[in-house]
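Subject: Structure handover and findings

Dear colleague,

Please find below the sequence and the structure for your use. A summary of what was found follows directly after.

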Amino acid sequence: MESRLTSRALNEIETAAYIGMSRAYLRQARMEGQRGNRTPAPPFIKIGRAVRYLREDLDQWLNDQQKLDHLGQWS
């Protein structure tokens, strides 16, 4: 059986730890979608009633986030 640490599809708890955000953020972002100047939710998939996040999507999502040298750049 494949180890959960090397699984391609992560559950909400694993995803929150992987990207360093809270489970509450993931839930709220999934429900509300893109809103104003909030950080967009990472892409997810549904398998039946289960929500899963693909590791490669999370890596791309992290790479797509704005990189800052100082907080004055943040918009």
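The buried residues of H1 pack against four elements: E1, helix H2 (23–32), E3 and helix H3 (55–64). Here helices (H or I, at least four residues) and strands (E, at least two) are DSSP runs, numbered from the N terminus. Buried stands for under 20% relative accessible area, exposed for over 50%, and partly exposed for values in between (1.4 Å probe, protein chains only).

Before the details, a word on provenance. This is a predicted model, in which local features need pLDDT of at least 70 and side-chain atom pairs count only at pLDDT 80 or more, while totals for chains, interfaces and linings use all residues. Residues are numbered from 1 along each chain as its sequence is written, and side-chain values use heavy atoms, with hydrogens and water left out.

Overall architecture

The chain contains 3 helices and 3 strands, and their order from the N terminus is β-α-α-β-β-α. Of its 75 residues, 21% count as buried. Among contacts (heavy atoms within 4.5 Å) with a separation of 6 or more, 40% are between residues 24 or more positions apart. The exposed surface of the chain is about 5700 Å², with 54% of it supplied by carbon and sulfur atoms; accessible areas come from the Shrake-Rupley method with a 1.4 Å probe, and for residues only the protein chains shown count as cover.

The sheet

The strands form an open sheet of 3 strands in the order E1-E3-E2, with antiparallel pairing. E1 and E2 are the edge strands, each pairing on one side only. Two strands are taken to pair if DSSP finds at least two bridges between them. E1 and E3 (residues 50–54) are joined in the antiparallel sense over 2 bridges, and leucine 10 has tyrosine 53 in E3 as its bridge partner. Between E2 (residues 45–47) and E3, which run antiparallel, there are 3 bridges; lysine 46 is matched there with valine 51 of E3. The hairpin of E2 and E3 has 2 residues between the strands, and glycine 48 takes a positive phi near 65° in it.

Just ahead of the sheet, serine 7 lies in the segment before strand E1 (9–10). Serine 7 counts as buried because its relative accessibility is 11%. A polar atom of its side chain lies 2.9 Å from the backbone oxygen of alanine 9. For such polar contacts, the criterion is a pair of N or O atoms within 3.5 Å; within protein, one must be able to donate a hydrogen and the other to accept it, and residues adjacent in sequence count only if both atoms are side-chain atoms.

Helices H1 and H2

Helix H1 (residues 12–19) has Glu12, Thr15, Ala16 and Ile19 buried. These residues lie on the same side of H1 because they cover an arc of only 100° around the axis, the arc being that of the directions from the helix axis to the C-beta atoms. Ile13 and Ala17, on the other side of H1, are exposed. At the N-terminal end of H1, asparagine 11 acts as the cap, with a side-chain oxygen 3.1 Å from the backbone nitrogen of isoleucine 13. Glycine 20, with a positive phi near 75°, follows H1.

In H2, the buried residues are Tyr25, Leu26, Ala29 and Arg30. Their arc around the axis is only 125°, which puts them on the same side of H2. They pack against H1, E3 and H3. H2 is followed by glycine 33, whose phi is also positive, near 70°.

The nonpolar core

A nonpolar core is a set of buried Ala, Val, Leu, Ile, Met, Phe, Trp, Tyr and Cys residues joined through side-chain atoms within 4.5 Å. The largest one has 10 residues: Leu10, Ala16, Ile19, Tyr25, Leu26, Ala29, Val51, Tyr53, Leu58 and Trp61. H1, H2, E3 and H3 are the elements that give two or more residues to this core, and H2 supplies its largest share, 3 residues.

Two residues illustrate the packing. Threonine 15, placed in helix H1, is buried with a relative accessible area of 0%. Leaving aside neighbours within four places in sequence, threonine 15 is in contact with Leu10, Leu26, Tyr53 and Leu58. With such neighbours again left aside, leucine 58 is in contact with Leu10, Thr15, Tyr18, Ile19, Pro42 and Tyr53.

Yours sincerely
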